[in-house]
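Reader: I would like to learn how to read a protein model. Can you take me through one, feature by feature?

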Amino acid sequence: MTEAKLEAWLEETRSFAPSAEFSKQANAQPSIYADAAADPVAWWRTQADRLAWTTAPTKSLEWDLPNAKWFSDGMLNASYTCVDRHVEAGNGDKVAYHWVADAEGEGRTITYGELQKLVAQAANALTELGVKEGDRVAVYMPMIPEAVVAMLAVVRLGAIHSVVFAGFSAEALSSRILDSDCQFVVTADGAFRRGTPSPLKPAVDEALESCPNVKAVLVVRRTGGEVKWNEGRDYWWHDVVERQSDEHTCKSFPSEQTMFIMYTSGTTAKPKGIYHTTGGYLTHVSATHEYIFDVKPETDVCWTAADIGWITGHSYIVYGPLINGVTQVMYEGLPDSGGKDRWWKIIAENKVTILYTAPTTIRTLMKWGHEWPQGHDLSSLRLLGTVGEPINPEAWMWYREYIGGGKCPIVDTWWQTETGGILITPLPGITATKPGAAMTPFPGIDADIVDNDGNSVGNGEGGYLVITAPWPGMTRGIYGDPERFKETYWSRFPGKYFAGDGAKRDDDGDIWLLGRIDDVMNISGHRLSTTEVEHALVGHPSVAEAAVVGASDETTGQAIVAFVTLKMSAEDASEDQVIVIEELRNHVAKVIGPIAKPRQIILTPELPKTRSGKIMRRLLRDVAENRSLGDVTTLMDPTVVNMIAGLMDSDADSEE
Ligand code: WT7
């Protein structure tokens, strides 16, 4: 497909109906919505039957706002539900993970039977090190199978894992360890990135200087080489885990047993320890995984290209897919470890059928050019998913055409660390999809878009996204801070969960996410979303990526400042910067209207992103307004910020 054709498609095509063929075989049939709506709590109770309860719950929801309990008198073991019961059902030889290493040709295949033994050994080892029910265990690991094994072993003991993304700094790690008082850490000596070892253990050592309560550190040897050792505190995984018995009889725990904590950034500098419990969370992630990704455990190979250090990895690499007994790909490396077509090789070699990733990654792959996927057989793919931020229609169409071969449904899934699992999404085979829209609440989910006073907005209008009834996967709170939990999520619109996202309903009533509400701008009293302007910019043929912020302006309240990376090289761009900038400003004015014309456009070779790949708009706003930068510990590359601030200074001269 040519670029011109792609543009024409974007003009003409507003919606893609599901194919009859897909609809016929889909796990979710249209009646699912009415069934769930008739009695959502009862519907979720039937979904809970997918777990291996040792005591089936008689209770479903107990709701004392903002505190929810789901299936509270039920008893189960999360790790048993994910692994052992598949082996007991005779599926021990089924592949759980095709683990693909950073280096090409390296990797390891792990069956459910092998996973059961590994988890049992790890559970025995953790017990020997002193881990008991309710203890917090920090997991600071690269994308290696031991990370999954560690998580499952921790929850098997009724303990709580707090996985900290391995890209976080020592300081970020120590603040998370301290906040939830973790007494154990599981880590690795290092990780591989494009063939180069990058050490992890030194960050743990540094972090632990301020964490006196940590009793034991279990270290996987991944990269080899010298490691500073703290006798009596540090233990090699291969010494302690591998000599354990590969049998472990597990106890059952109540449904509301806390399973994990996941830190996420809020509006203040201090990250929030979002915690999740067992029965409701597992029900939610397995049900959404089955229906949204239409998984057929017999034949599908799912690849969630995310890191275990984020909620996406927890819900759709570990818990949801394992409960559903599917085969997955788990990948250690970067998208271009071994070349810019590495992803496409992985898909072809492993016959991946379902691919789930983030818009930012899709745009990166798009930027590299479609000749990279084109050389590979991607015909095994039958469904694509996206998550993490609003996807611009151009990236959506590229994903559909070049990766999905024009035939795969795309599910744009909206959710948050706090929601545990997906809440707003199309259902493949049922929902007609639109490039850029997350479409409809999942069955059993009640969502609304409200105005400032909490009243529902009509079709064609925008407002705040709220969830109006409790759902099983919802966070049970901020660890150690119930007040902040209530205040952040349940106070803005009493009785409703405030997601912090702007959204609109289109004329058909379908939901489009517009980005965080703190990113909604007010220009001379006109409300504009940063996303809208970004979409416009990215729609220009020379733009690769754009981030837009509302900077305060004496005359107009806020004014638009856009940070733009071009498809051409930085050198080429610097030749005719002024022309490009003027053209882009006019382009935005043309697409949205003169009110949306950015006051300033800053060309930059890269945008500052969090380690999970989200553009740091808050930080760009600070740069745009020359404020101090605050906490940049979640940034991928802090030098990008300084570089952009530098560009701002030089750009000030050329301002009109
Ligand atoms: C925020 C939550 C959910 C796993 C990854 C992110 C944004 C997420 C979408 C989507 C538009 C989305 C929202 C949300 N977001 N998915 N499909 N369309 N925006 O988890 O780090 O907790 O971030 O990501 O703004 O509030 P998270």
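Author: What follows goes through the sheets, the ligand site and some backbone details. One caution comes before that: this is a predicted model.

Reader: Start with the sheets. In what order do the seven strands of the open sheet stand?

Author: Read across the sheet, not along the chain. The order is β6-β5-β18-β17-β19-β20-β21. The pairing is mixed. At the edges stand β6 (107-111) and β21 (410-413), each of which pairs on one side only. From one strand to the next, the twist averages 15°.

Reader: Which helix packs on that sheet?

Author: Helix α13, residues 342-350. The helix touches β5 (95-100), β17, β18 (327-331) and β19. Its direction makes about 155° with that of β18.

Reader: Now the pairing. How do β17 and β19 run, and how many bridges join them?

Author: Check direction, then count bridges. Strand β17 (residues 301-304) and strand β19 (residues 354-357) run parallel, joined by three bridges. For a landmark, find W303, which stands opposite L355 in β19.

Reader: And how do β5 and β6 run?

Author: They run antiparallel, with five bridges between them. V95 has T111 in β6 as its bridge partner. Six residues lie between the two strands of this hairpin. Among them, look at G105: its phi is positive, near 80°.

Reader: What should I expect of side chains along a strand?

Author: In a regular strand, side chains alternate between the two faces of the sheet.

Reader: There is also a sheet of three strands. Which strands stand at its edges?

Author: Take the order before the edges. The order is β1-β4-β14, and the pairing is antiparallel. β1 (53-55) and β14 (253-254) are the edge strands. Each has a single partner strand, so one side of each is left without a neighbour in the sheet. Two bridges join β1 to β4 (residues 75-76). In one of the pairs, T55 has M75 in β4 as its bridge partner.

Reader: On to the ligand. Which residues come nearest?

Author: List the shell, then look at its closest members. Of the 16 residues around the ligand, D412, T413, T417, D501 and R516 come nearest. By class, the shell divides into six nonpolar, five polar and five charged residues.

Reader: Which polar side-chain atoms lie by an oxygen atom of the ligand, and at what distance?

Author: Take Q416 and K614. A polar side-chain atom of Q416 is 2.8 Å from a ligand oxygen atom. For K614, a polar side-chain atom lies 3.1 Å from an oxygen atom of the ligand. The backbone takes part in the list too: a polar backbone atom of T413 is 2.7 Å from a nitrogen atom of the ligand.

Reader: How much of the ligand does the protein bury?

Author: Compare the ligand alone with the ligand in place. Alone, the ligand exposes 550 Å², and the protein buries 90% of that. Elements giving two or more residues to the shell are α12 (311-323), β21 and β26 (511-516).

Reader: Last, the backbone. What is usual for phi and for peptide bonds?

Author: Most residues other than glycine have a negative phi, and most peptide bonds are trans. Now the exceptions here. D294 has a positive phi, near 55°, and is not glycine. Find D294 in the loop between α11 (279-292) and β17.

Reader: Where is P66, and what is the peptide bond from L65 to P66?

Author: P66 is in the loop between β2 (61-64) and β3 (67-70). The bond from L65 to P66 is cis, with omega near 0°.

Methods:
Residues numbered from 1 in each chain as written. Predicted model: local features only at pLDDT ≥ 70, side-chain atom pairs only at ≥ 80, totals over all residues. Heavy atoms only, no water. Pairing = 2+ DSSP bridges. Helix = DSSP H or I, 4+ residues; strand = E, 2+ residues; numbered from the N terminus. Axes fitted to C-alpha atoms, helices over the stretch in contact; angles between N-to-C directions. Contact = heavy atoms within 4.5 Å. Near = heavy atom within 4 Å. Polar contact = N/O pair within 3.5 Å; in protein donor to acceptor, adjacent residues only side chain to side chain. Areas by Shrake-Rupley, 256 points an atom, 1.4 Å probe, with all protein chains shown as cover. Nonpolar A, V, L, I, M, F, W, Y, C, P; charged D, E, K, R; others polar.
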